[in-house]
Amino acid sequence: MTFPLAIQGLGIVAGFGSSNKDALQAIQNNAGPNASMQVQTQDGPIDYPVYAADPAPLKEFVSPKKLRRINKYSRLATLAACLALQDAGLDIPLPGSNIAVIVASGYGASTTTFKFLDDVILEGDEFASPTQFSNSVHSSAASHITILLQIQGPCLTVTQFEMSPVTALLNAQTWLKEKRVDAVLLGGVDEINPVLLYCYQNLWSGQIPKVMEPLDFQKQTAISGEGAAFMLLTRDEGQAPQYGYINKVSWENASGFELPKNNTIVMGADGHRVCGRRYSKMLQGVDKHNLKTFSTITGSMPSGQMFDVVLASLAARNGLMPDRFCSIKLNGDQDVGAVYVSSHSDLPQDS
């Protein structure tokens, strides 16, 4: 779909911090993992490096009293959503606003899900916490955002693993094109926990990577990350938005996909060797000076493409990369999700 979306505000929370200023510093300094998490294995505990995000600044927007029963997954998403709204110059909360909320996630509220399952196993389903259950569902983050910020527009959660951001953006285009809403508050969120790292250890046993090398397609160097990345999107109203436009979003077969010319390619490679080989094949002949990756400062996560689009838009706005780029994310051997962004709305709107 080629209906342009105006990017009015950005908000991001990741291992490097929780502001656009922190993000710009991380881009310039190529920030790496900022913490470690212990994983129990048959051979004893192992410390894994991680990109750990802190939702503590959310208390600047929402009373701590209202956050007592809200888990980290939803706090991360709500904080990034608040930052995007603030960046767009809007007051918080937004009672009566005709704004939609769309959240994309790969793993969902996995930490709370595993805690809930532990309770069921240990105590039985009769004594499992109803609060943990309500927080464990993938849609909990979107629900908390709408309740805490008093947003009354439609609310949607998309969970199609690596294609979740593209699916969310396609939905946003449809709602804005059909004038169902005035704006869409859209973002991606994922979190880390020991169970997922235990799976990492079993799938990719061996030396634990200390730094990510996503451009070395022969190595398994993925390091888990967590956080949330949001943007406020509107229709093109003729006034140039501060972060430009998403001109086109596509989900198509990788075999027929052609990389756009005269665009910086922001690729979703995030240190996984098998996926890296697919990126390597697609990027044959592409000048490395036209390639960009942000996974080295956010870590590896299914919703990573949303972080790529937000960080690239922020970098372009501040002169750290060209203002025309295409974010690509491969999903296995068959599919590719592409998001085209530029400072100008240079594609015709669908009739």
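## A buried tyrosine in a predicted model

Y200 counts as buried, because its relative accessibility is 10%, below the 20% cut-off. The model that holds this residue is predicted. Y200 returns below, as one half of an aromatic pair.

## Overall build

The chain has 351 residues, and 54% of them count as buried. Its secondary structure comprises 10 helices and 12 strands. Along the principal axes, the C-alpha trace spans about 60 × 50 × 35 Å.

How does the radius of gyration compare with that of a compact globule? The two agree: a compact globule with 351 residues would have a radius near 20 Å, and the chain has 20 Å.

## Aromatic pairs

A pair of aromatic rings is described by the distance of the centres and the angle of the planes. The structure holds 2 aromatic pairs. One joins Y107 and F161, with ring centres 5.6 Å apart. Their planes stand at 70 degrees, so this pair is edge-to-face; the cut-off for that class is over 60 degrees. The pair links distant parts of the chain. Y107 sits in the loop between β4 (99-104) and α3 (110-123). F161 sits in the loop between β5 (155-158) and α6 (164-177). The two residues are 54 residues apart. Y107 is partly exposed, at 28% relative accessibility. F161 is also partly exposed, with a relative accessible area of 37%.

Y200 and W204 form another aromatic pair, again edge-to-face. Here the distance is 4.9 Å centre to centre, with 80 degrees between the planes. Y200 is buried at 10%, whereas W204 is partly exposed, with a relative accessible area of 31%.

## Cavities

The count comes to 2 cavities of 30 Å³ or more. The largest cavity holds about 60 Å³ of space. Its lining comprises 13 residues. Nearest its centre lie G268, D270, S295, G304 and D308. Two elements give two or more residues to this lining: α9 (295-298) and α10 (304-317). Of the elements, α10 gives the most, with 3 residues. By class, the lining of the largest cavity has 7 polar residues, 3 nonpolar and 3 charged.

The second largest cavity has a volume of about 40 Å³. One part of its lining is E213, P214, D216, F217 and K219. The rest is A269, D270, G271, H272, C275, G276 and Y279. This lining divides into 5 nonpolar, 4 charged and 3 polar residues. D270 is named for both cavities: it is one of the residues nearest the centre of the largest, and it lines the second largest.

## Cysteines

A disulfide is a covalent bond between the sulfur atoms of two cysteines. How many disulfides does the structure have? The count comes to 0. Why is C155 without a bond to C82? The sulfur of C82 is the closest cysteine sulfur to that of C155, yet it is 14 Å away, too far for a bond. The cut-off for a disulfide is 2.5 Å. C155 is partly exposed, at 41% relative accessibility.

C326 is in no disulfide either. Its nearest cysteine sulfur is that of C275, 18 Å away. Is C326 buried or exposed? C326 counts as buried, because its relative accessibility is 0%. C275 also appears in the lining of the second largest cavity.

Definitions and conventions:
Residues are numbered from 1 along each chain as its sequence is written. This is a predicted model: local features need pLDDT of at least 70, side-chain atom pairs count only at pLDDT 80 or more; totals for chains, interfaces and linings use all residues. Side-chain values use heavy atoms; hydrogens and water are left out. Rings of Phe, Tyr and Trp (its six-membered ring) pair if their centres lie within 6.5 Å; planes under 30 degrees apart count as stacked, over 60 as edge-to-face and the rest as tilted. Helices (H or I, at least four residues) and strands (E, at least two) are DSSP runs, numbered from the N terminus. Buried means under 20% relative accessible area, exposed over 50%, partly exposed in between (1.4 Å probe, protein chains only). On a 1 Å grid over the protein atoms alone, a cavity is a set of points where a 1.4 Å probe fits but cannot get out, and a pocket is an open set with protein on both sides within 12 Å along at least five of seven lines; lining residues have an atom within 4 Å of a point. Grid points are joined across faces, edges and corners, and a volume is the space filled by probe spheres set on the points. Ala, Val, Leu, Ile, Met, Phe, Trp, Tyr, Cys and Pro count as nonpolar, Asp, Glu, Lys and Arg as charged, and the others, Gly among them, as polar. The radius of gyration is taken over C-alpha atoms; the globule rule is 2.2 Å times the number of residues to the power 0.38.
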